[in-house]
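This report goes through the chain shown below, from its burial and contacts to its fold, surface and model confidence.

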Amino acid sequence: KITDGSSASAIILAARSVARHIGAKCIASFTVGGGTARKASMKRPEQPILAISPLKETCRHLAMSWGVYPEYCPEERLDVDNFRDMLRVACEIANTKGLVSNDKDLLVVTAGFPFGTPGAANIIRVIPAAGPTYWDATL
């Protein structure tokens with residue numbers, strides 16, 4: 001069951017809906033324990049789910065979830081106090097994994113702040129693959 005009345009569940013449902021309606025190429029989820037990405041993969045969404053975690057163990061577990069592309073990202077690479085930098089990292093990883101192919105491809109990104117708090121997903125953001133500082137009126 002995706003909905004459990006939590007804000008994290010609401011964010012996941014919204015991300016899936018937004019991704020479907022805008023034709024996003026993937027849903028990127030910053031996750032520590034993997035719960036957010038696992039919930040996002042339930043009901044098999046059309047878009048792949050890029051799960052970015054600072055824990056290798058979480059990535060290994062998420063490899064077994066349908067449609068989830070886990071990516072280990074060491075904490076040194078993530079400036080958790082700079083969300084724009086985290087968004088940039090998500091774009092880089094999505095490009096490297098081939099989940100996006102054009103600068104105008106859209107990603108729906110979810111995260112929780114404070115970062116590292118289990119079940120704290122409370123942010124959803126739509127960004128182009130070119131990065132968080134790029135926006136085109138045609139998007």
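## Burial and contacts

In this predicted model, 47% of the 139 residues in the chain are buried. Buried here stands for a relative accessible area under 20%.

The contacts can be sorted by how far apart the partners lie in the sequence. Of the contacts with a separation of 6 or more, 51% are between residues 24 or more positions apart.

## Secondary structure and overall dimensions

The chain has four helices and five strands. From the start of the sequence to its end, they come in the pattern α-β-α-β-α-β-α-β-β. The radius of gyration is 13 Å, close to the 14 Å that the globule rule gives for 139 residues, so the chain is as compact as a globular protein of that length.

The C-alpha trace spans about 35 × 35 × 25 Å along the principal axes of the chain.

## Surface and charge

About 7,100 Å² of the chain is exposed, and 50% of that area is supplied by carbon and sulfur atoms.

The chain carries 16 positive and 13 negative charges. Between the mean position of the positive charges and that of the negative charges there are 9 Å.

## Confidence of the model

The mean pLDDT of the chain is 88, and 95% of the residues score at least 70.

Which elements have the lowest and the highest mean pLDDT? Helix H2, made up of residues 35-41, has the lowest, at 86. Strand S3, residues 68-72, has the highest, at 97.

Conventions:
Residues numbered from 1 in each chain as written. Predicted model: local features only at pLDDT ≥ 70, side-chain atom pairs only at ≥ 80, totals over all residues. Heavy atoms only, no water. Helix = DSSP H or I, 4+ residues; strand = E, 2+ residues; numbered from the N terminus. Rg over C-alpha atoms; globule rule 2.2 N^0.38 Å. Buried < 20%, exposed > 50% of the residue type's maximum accessible area, 1.4 Å probe, protein only. Contact = heavy atoms within 4.5 Å. Areas by Shrake-Rupley, 256 points an atom, 1.4 Å probe, with all protein chains shown as cover. Lys, Arg positive; Asp, Glu negative; His and termini not counted. Charge placed at Lys NZ, Arg CZ, Asp CG, Glu CD. pLDDT = per-residue confidence, 0-100.
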